[in-house]
Amino acid sequence: MFEGLKQRFHDVLPASGFCSLRAEHERTEMIRVRQNVLQPIQTSEDEGAMVTRIVGAGLGYAAASDLSTEGLRRGVERAGYWAEATARKSVFDFSRVAMPHPRGEYETPVAKAWDSMSLAEKIAMATRECERLKTDDRIADFEAGIWYARTTTLYLTNAGGEARRVTHRVYPFLRVTASEGTASQTRSLGALGICRQGGLEILDGAGFMTDGPQLTEEALALLKAPNCPSGKMDLLLEADQMHLQIHESIGHPLELDRILGDERNYAGTSFVKPEYFGSFRYGSEHLNIVFDPTDTQAFASYDFDDDGAKAEKLYLIEKGILKRALGSTISQARSGIPGVANSRADTWRRPPIDRMANVNLEPGNASMEELIGAVERGVYMRANNSWSIDDSRNKFQFGCEYGRLIENGKLVGVVKNPNYRGVSQTFWNNLKMVGDASTVQRMGAINCGKGEPNQVMRVGHVTPTALFTEVDVFGGE
Amino acid sequence: MQERFYEIADHIVARLKGDEVVILTFDGEESDFVRFNHNAVRQAGSVTQADLGIDLIRGQRHAEARLALTGERQGDRTRADALVAELRARLDFVPEDPHLLYATEVQSTEKIGANELAPADQALGAILAGGEGYDSVGIHAQGPIYRGFANSLGQRNWLSTHTFNLDWCFYLRDDKAVKSDYAGFRWDEAALSEKMKSAGAQLGLLDKEPTTIKPGKYRVYLAPKAVQEVVSILGWGGFGLKDHKAKISSLIRMTEGDGKLHAAITMRENTGEGVSANFDRMGFVKPDQVVLIEKGCFKEHMVSPRSAKEYGVPTNGADTYESPFSFEMDAGEIPTAEALQQLETGLYINNLWYLNYSDRPACRMTGMTRFATFWVEKGELVGPLNVMRFDESIYRMFGSNLIGLTAERVMILANDTYGQREVASYRLPGALINDFELTL
């Protein structure tokens with residue numbers, strides 16, 4: 001992959017200033033069977049490169065698919081044009097940033113390679129799991145599928161930086177909708193959030209080949225269930241909801257570019273102020289949040305970020321106290337706030353910005369039985385299906401696919417349309433107990449939107465089940 | 001780009017075997033992006049991309065792929081040949097697709113827009129000059145966008161359009177800001193200057209102590225940009241035939257129950273007066289109009305070729321997700337100039353944010369107010385309002401609780417740039433609504 005690219009890049013390097021090339025090739029395949037009919041298999045071969053230059057105080061970018069010497073030369077010239085044109089008009093003197101020159105190689109460990117099974121076999125497997133979802137005439141829609149991406153990245157810099165990375169990602173999904181009259185209820189495998197790095201071995205751990213019939217049973221049960229009750233009560237969240245709660249109300253507010261105001265026109269700002277780092281009580285003492293791109297099975301792991309910074313595991317929040325921002329090399333230089341290696345771009349088309357990689361809640365000590373047993377009156381919710389939060393990441397509302405009442409320490413009846421709302425800091429300070437390692441799941445999202453121009457990012461969240469008190473819970477109509 | 005696409009299309013068509021049919025699509029752009037913060041440049045760059053879609057068909061079997069084209073002729077041919085060979089091999093074992101439908105009647109079209117854009121650095125200079133003295137943050141995007149279609153039956157369709165889209169805020173402090181946009185085809189610095197002066201003047205309205213209100217039911221005016229957020233959510237699973245048949249549509253109560261909206265609500269996909277391509281990815285030319293909701297009643301679905309085949313109805317050229325691209329609502333009778341007076345006491349909401357369904361079958365949605373939202377008393381702006389969450393059903397906000405729509409509508413060009421710059425538009429009125437539920 002990228003044969004001769006290094007030489008061609010060095011052939012067109014400018015005489016001075018920082019210059020890097022981030023070349024990327026990605027092949028994706030999506031196998032999807034809906035209502036027992038194979039949908040068109042989506043195969044994509046994407047390739048291109050982004051040139052980044054710092055000239056004087058200015059920073060410029062240029063991206064294209066043409067990786068020939070002439071194509072690279074045009075990219076270097078165009079990025080240089082933008083750097084020079086904006087040098088005296090920029091938010092920061094970018095010549096003050098010490099850009100890294102990384103050297104290394106990384107590849108996702110894979111136990112069972114994607115290509116070890118033929119496409120025909122994978123189609124047969126998805127078809128079989130789809131067929132198992134339809135057990136009742138009230139099942140109106142159902143689908144099963146697997147998405148795979150192999151991404152090869154070569155990052156080169158003008159001072160000898162050379163980092164190669166190959167990631168393998170698999171995302172299995174099952175979804176079933178039961179309907180009666182105008183009522184419908186949907187259940188899905190892990191809220192469509194079981195996204196991990198690895199190979200086909202992910203299917204075994206994800207429940208792709210076991211959980212379908214149970215999802216159908218739960219969708220049918222929800223049709224007959226009462227609405228979730230309203231009121232302030234305890235809330236027990238499964239990992240397939242927790243991951244989005246972490247994502248929206250911890251991950252995004254800690255992004256340093258939001259705190260610096262870059263995203264105020266689109267993704268929003270943050271209630272977190274620069275002076276909060278080091279002392280702000282974000283949550284209860286049970287709240288330990290890490291940035292961990294080193295977990296090789298999590299969805300957003302890597303060795304160097306897209307600006308070449310070395311990735312390492314670091315605490316963002318420790319025992320409830322805010323320690324560190326999700327801020328990259330450039331954002332750290334602009335703000336003076338400690339950050340992490342999180343400069344990431346969704347594809348070669350976009351410059352990197354501050355992003356989550358894997359932002360995880362560290363497990364506690366409580367078993368699932370102990371978590372349930374600690375609740376006198378509350379609701380257990382799983383599988384996110386709705387999310388909304390204000391632009392400073394404070395007032396949120398989430399909905400889940402499936403709920404069960406908890407009374408006197410025991411799970412009782414199923415409730416439909418479970419929703420809850422709250423304010424970030426209050427909510428995390430009401431974190432009462434955190435599940436132990438047996439409740440942890442590796443979750444993620446393939447579609448986190450942010451940035452101008454827009455970028456859709458793959459992020460990971462490894463999280464246990466967790467219990468909150470005094471939460472405003474409610475149901476549907 | 002057009003020549004590049006047709007050249008590789010001819011190359012692929014010439015190498016088909018037996019009774020194979022091929023459908024080819026093209027998405028390209030040559031864009032300049034400048035994002036700015038505190039009226040200074042944060043990131044500036046250019047993106048050139050060309051994406052070829054290939055659907056190789058033999059009878060009812062077919063196989064699809066997408067390929068990034070480099071612009072280097074021989075290299076692109078070689079990579080396309082390899083991908084077509086892979087798809088051809090796949091046809092030997094994939095099952096027949098009962099829902100495959102593609103256009104067999106050749107309808108070639110071509111729409112080539114003029115380039116009336118300013119050089120990007122000139123536009124940037126004007127933007128920074130207009131923002132002088134303000135805390136200005138946003139993005140400017142400009143350049144040509146291309147969409148193409150070709151098949152082995154001889155059909156060729158092409159759209160090229162040169163557009164710009166400046167989307168920005170002037171911030172006063174914290175989250176109090178005036179959001180504005182200037183988008184179109186012909187860059188006019190005088191028009192930009194007027195827009196920026198107008199935004200600056202509105203900023204003064206925010207310079208008062210913000211009001212905080214309690215959750216409850218309030219009379220509200222949704223400006224057209226706020227209405228855009230509501231109808232965008234409806235476009236996510238509300239109008240598509242497949243979603244209705246799969247019982248997951250947010251408007252299921254309109255087609256299978258007694259759900260109705262206010263008689264003033266008429267919604268349509270108006271391709272004839274929009275900016276998007278008038279051809280779809282399977283070669284069907286779209287009708288000028290599809291009436292989605294007429295006088296409060298559900299009228300027609302958005303129907304993709306796959307849904308058309310699956311459910312035995314004609315297609316109307318909808319995309320895979322059966323979402324509108326040239327969406328419009330009919331105007332009402334309230335003069336926009338009288339919106340404040342008719343609001344009397346309540347919320348004047350310029351922008352909503354982060355909407356999502358909180359009860360999809362009931363078409364109940366939640367979201368936030370954002371940017372310039374004002375508390376109004378006796379028809380006068382009192383001051384800015386701190387952000388509030390709403391949770392409300394479409395059957396109330398555009399149904400039983402709708403007071404009326406404005407007589408004037410606003411044309412909004414979509415500014416989405418996920419993967420590529422979007423070509424879509426909205427033409428929308430403002431809406432005056434009673435008893436709008438605020439929850440947090």
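**Exercise 1. In this predicted model, identify the residue of S2(B) that is the bridge partner of B:Asn37, and describe the strands around that position.**

Solution.

Step 1. The bridge partner of B:Asn37 in S2(B) is B:Ala40.

Step 2. The pair belongs to a wider ladder: strand S1 (residues 21-37) of chain B runs antiparallel to S2(B), and 17 bridges join them.

Step 3. S1(B) and S2(B) form a hairpin with two residues between the strands, and B:His38 there takes a positive phi near 50°.

Step 4. S2(B) also runs antiparallel to strand S3 (residues 61-68) of chain B, with eight bridges between them. In S3(B), the residue opposite B:Leu56 is B:Ala63.

Step 5. The hairpin of S2(B) and S3(B) likewise has two residues between its strands, and B:Gly59 in this turn has a positive phi of about 65°.

**Exercise 2. Determine which strand of chain A pairs with S2(B), and in which sense, parallel or antiparallel. Then establish how many residues of S2(B) are buried.**

Solution.

Step 1. The partner from chain A is strand S4 (residues 58-64), which pairs with S2(B) in the parallel sense over three bridges.

Step 2. A:Ala62 stands opposite B:Ser46 of S2(B).

Step 3. Strand S2 (residues 40-58) of chain B has 19 residues, of which 17 are buried, and the strand is mostly covered.

**Exercise 3. Examine the backbone at A:Ala191, A:Lys319 and A:Pro453, and decide whether A:Ala191 is buried or exposed and whether A:Lys319 is buried or exposed.**

Solution.

Step 1. Begin with the general expectation: most residues other than glycine have a negative phi, and most peptide bonds are trans.

Step 2. A:Ala191 has a positive phi near 55° and is not a glycine. It is found in the loop between strand S8 (183-188) and strand S9 (196-197) of chain A. A:Ala191 counts as buried because its relative accessibility is 14%, and the cut-off for buried is under 20%.

Step 3. The phi of A:Lys319 is also positive, about 50°, although this residue is not a glycine. A:Lys319 lies in the loop between strand S12 (314-318) and strand S13 (321-322) of chain A. With a relative accessibility of 57%, A:Lys319 therefore counts as exposed, the cut-off being over 50%.

Step 4. The peptide bond that joins A:Glu452 and A:Pro453 is cis, with omega about -5°. A:Pro453 lies in the loop between strand S22 (441-450) and strand S23 (455-463) of chain A.

**Exercise 4. Describe the surroundings of B:Phe284: where is it found, and which residues is it in contact with?**

Solution.

Step 1. B:Phe284 is found in the loop between strand S9 (267-269) and strand S10 (290-294) of chain B.

Step 2. Its relative accessible area is 19%, so B:Phe284 is buried.

Step 3. Leaving aside neighbours within four places in sequence, the residues in contact with B:Phe284 include B:Leu101, B:Tyr102, B:Ala103 and B:Pro305.

Step 4. B:Trp158 is 126 residues from B:Phe284 along the chain, and their C-alpha atoms are separated by 13 Å.

**Exercise 5. Describe the interface between the two domains of chain A.**

Solution.

Step 1. Chain A is divided into domain 1 (5-224) and domain 2 (231-474). The contact takes 50 residues from domain 1 of chain A and 43 residues from domain 2 of chain A.

Step 2. The two domains of chain A bury about 3800 Å² between them, with 56% of it on carbon and sulfur atoms. On the side of domain 1 of chain A, A:Arg22, A:Cys195 and A:Leu222 lose the most area to domain 2 of chain A, together 14% of what that side buries.

Step 3. Four salt bridges are found across this interface. A:Arg458 and A:Glu26 form a salt bridge, their closest N and O atoms being 2.8 Å apart.

**Exercise 6. Describe the interface between the domains of chain B in the same manner.**

Solution.

Step 1. The domain assignment gives domain 1 (2-204) and domain 2 (216-438) of chain B. Domain 1 of chain B brings 46 residues to the contact, and domain 2 of chain B brings 33 residues.

Step 2. The area buried between these domains of chain B is about 3200 Å², of which carbon and sulfur atoms give 55%.

Step 3. Three salt bridges are counted between domain 1 and domain 2 of chain B. The side chains of B:Lys225 and B:Asp181 meet in a salt bridge, at 3.0 Å from N to O.

Step 4. S6(B) gives the most to the side of domain 1 of chain B that touches domain 2 of chain B, with nine residues.

Key. Residues are numbered from 1 along each chain as its sequence is written. Chains are lettered from A and ligands numbered from 1 in the order in which they are written. This is a predicted model: local features need pLDDT of at least 70, side-chain atom pairs count only at pLDDT 80 or more; totals for chains, interfaces and linings use all residues. Side-chain values use heavy atoms; hydrogens and water are left out. Buried means under 20% relative accessible area, exposed over 50%, partly exposed in between (1.4 Å probe, protein chains only). Helices (H or I, at least four residues) and strands (E, at least two) are DSSP runs, numbered from the N terminus. Two strands pair if DSSP finds at least two bridges between them. Contact means heavy atoms within 4.5 Å. Domain bounds come from an automatic or database domain assignment. Buried area is the accessible area (1.4 Å probe) that two parts lose on being put together, summed over both.
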